[in-house]
Amino acid sequence: MSEKPHPLSLSIFKDITEIVDSLGVAAYVVGGYVRDYYLCRPSTDIDVVVVGSGIEVAKALGRKLHTKVSVFKTFGTAMLHDRDGREIEFVGARRESYSPDSRKPAVEEGSIEDDQLRRDFTINALAWSLNAENYGELLDSFGGMADLENQIIRTPTDPDVTFSDDPLRMIRGVRFATQLGFDLAPETFDAIARNKDRITIVSKERIATELHKIVASPRPSIGFELLHLTGLLPYIFPELDALRGVEVRCGKAHKDNFVHTLKVLDNVAQKSDNLWLRWAALLHDIAKPRTKAFDARIGWSFHGHEVVGSKMIPEIFRKLRLPLNEKMKYVRKLVFLHLRPIILSEDEVTDSAVRRLLFEAGDDVEDLMTLCEADITSGIDSKVQRYLRNFALVRVKMKEIEEKDRVRNFQPPITGEIIMQTYGIEPCSIVGEIKAVIKDAILDGEIPNDYDAAFALMEKVAAEKGLIRKQ
Ligand code: CTP
């Protein structure tokens, strides 16, 4: 740690020092920037607390740097970007108190200690002085350094107060524990469990931001386990909560799908940083509770859970305020297809089955394979090895077939327009039927993926259907 250049050697801080000293006010860097320095994490956003007017200091710095300052009067904050693109936000030191029936805090001016005390966690309440007389001095009034060392997430004050001030902090606590691999202090954990129902007053958008950060963490399962253990999960993600538990009938048990899902998510996280592939892992079995059935002869089944699950995706995305765009479609598609490679690898791997998978998955086929491999969480090693060997075979076949037949992003060479023009017909079911025969013939390898072969087949099928070519 000592070998790193101290971040306060950046010229922007010297500029701030000049300004605050000339204005006769105290200023501090506080929050994530300080924390991340000690954790050796990259950080570009800088929060500066001024014991006085943050807006005034920001304006003076803006003049000095000849840069635009955005002022948010209602919040008493101001923000600008320095020449290196860092975002610097200024705020006056505050004491805040919230009345239980209002989301709006009563804000008064306060000291730096007041300001640190009202922050969410001790590790986020560390501050460095920016005034020349004690430049770089660390203010650690609430044991943040010790908590960093001991890897603890703890509130600076009574956690019931911290969480009722802003209930989102309960999920932030879980998120920091997940991102950093830290533990929640017992009293912090207990307070989350006590205050869990207050999460309902927090906007879905703010919760979604935290969920993304949990999903993007090195081991996302930690976060979802903690959300479950603290009791937050049913409030924010009931469909995931419904996966929990094991039912036993006639001595037959199914696996706990929550535990399984988290294992799959961690497996994917080891292989890929793709956020949406990780979401697909989290959601791949989401319809298991809805499709669960028991038969005394065969035991538990979840028939069609991939189909029902894919249909649930738009609604889940809408409820969680995740984007309803191509990301949603990607997740829906992976959920829909997540059993296909495994079914494929259970039988003899035929060219036509591989061709169909390539056609349906398109460019996402590699991600689908990653998800499927992650989905093999059996405790029996020989079974896992057998599946992985078969998957390796599927991959080899996929490569061969893609090189030969180019079906990954294939559009059948004969369009509906061509069929209608050739036979002078209007849009009707026959057009779709002819197109389907051509597509199937290509995917089954009966004809090559080219125009002439497809045209010849169109003529044959059209003749069978009694269509006559327009002159
Ligand atoms: N903060 C808080 N309560 C919140 C949000 C933020 O007390 N609900 C304080 C914390 O001191 C935090 C600082 O504001 O360090 C900046 O917040 P933010 O930029 O959201 O978080 P960072 O700590 O910088 O971390 P990250 O960027 O990972 O969210």
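This is a short tour of the ligand site, the domains and a handful of individual residues in a predicted model.

**Around the ligand**

Let's start with the ligand. It has 13 residues around it, and R35, D120, D166, R169 and R175 come nearest. What kind of residues make up that shell? Charged ones account for nine, polar ones for three and nonpolar for one.

Two helices, α2 (32-38) and α7 (168-180), each put at least two residues into the shell. The largest share comes from α7, with four residues.

Here are some of the polar distances to oxygen atoms of the ligand.

| Protein atom | Ligand atom | Distance |
|---|---|---|
| G32, backbone N or O | oxygen | 3.3 Å |
| R35, polar side-chain atom | oxygen | 2.8 Å |
| R119, polar side-chain atom | oxygen | 3.0 Å |

How much of the ligand does the protein bury? Taken alone, the ligand exposes 560 Å², and the protein buries 72% of that.

**Domains**

Zooming out, the protein chain is divided into domain 1 (7-145) and domain 2 (416-464). Their C-alpha centres lie 68 Å apart.

**Three buried residues**

Now for some side chains that are tucked away. R94 sits in strand β6 (residues 94-98). Its relative accessible area is 18%, and it counts as buried because the cut-off is under 20%. A polar atom of the R94 side chain lies 3.2 Å from the backbone oxygen of F75. F75 is also on the list of residues that R94 touches, along with V107, E108, G110, D114, D115 and R118, if you skip residues up to four places away in sequence. Take D114 from that list: D114 and R94 are 20 residues apart along the chain, yet their C-alpha atoms are separated by 6.5 Å.

H260 belongs to helix α13 (residues 257-271). With a relative accessible area of 5%, H260 is buried. Which side chain does H260 join in a polar contact of 2.8 Å? That would be the side chain of T377. Leaving out residues up to four places away in sequence, H260 touches K255, H284, D285, D375 and T377.

R355 is part of helix α19 (residues 351-361). R355 is buried too, with a relative accessible area of 5%. Again not counting residues up to four places away in sequence, R355 touches I401, K404, D405, V407, I442, L443, D444 and G445. Some of those contacts fall inside the bounds of domain 2 (416-464), namely I442, L443, D444 and G445.

**Two loop residues with positive phi**

Finally, a couple of backbone oddities. Most residues other than glycine have a negative phi. H66 goes the other way, with a positive phi near 55°. You'll find H66 in the loop between α3 (54-65) and β3 (70-72). Is H66 buried or exposed? Its relative accessibility is 73%, so H66 counts as exposed, the cut-off being over 50%.

R321 is another non-glycine residue with a positive phi, this one about 60°. R321 lies in the loop between α16 (305-320) and α17 (326-337). At a relative accessible area of 41%, R321 is partly exposed, because that value falls between the 20% and 50% cut-offs.

Note on methods:
Residues are numbered from 1 along each chain as its sequence is written. This is a predicted model: local features need pLDDT of at least 70, side-chain atom pairs count only at pLDDT 80 or more; totals for chains, interfaces and linings use all residues. Side-chain values use heavy atoms; hydrogens and water are left out. Buried means under 20% relative accessible area, exposed over 50%, partly exposed in between (1.4 Å probe, protein chains only). Contact means heavy atoms within 4.5 Å. A residue is near a molecule or strand if one of its heavy atoms lies within 4 Å of it. A polar contact is a pair of N or O atoms within 3.5 Å; within protein, one must be able to donate a hydrogen and the other to accept it, and residues adjacent in sequence count only if both atoms are side-chain atoms. Accessible areas come from the Shrake-Rupley method with a 1.4 Å probe; for residues, only the protein chains shown count as cover. Ala, Val, Leu, Ile, Met, Phe, Trp, Tyr, Cys and Pro count as nonpolar, Asp, Glu, Lys and Arg as charged, and the others, Gly among them, as polar. Domain bounds come from an automatic or database domain assignment.
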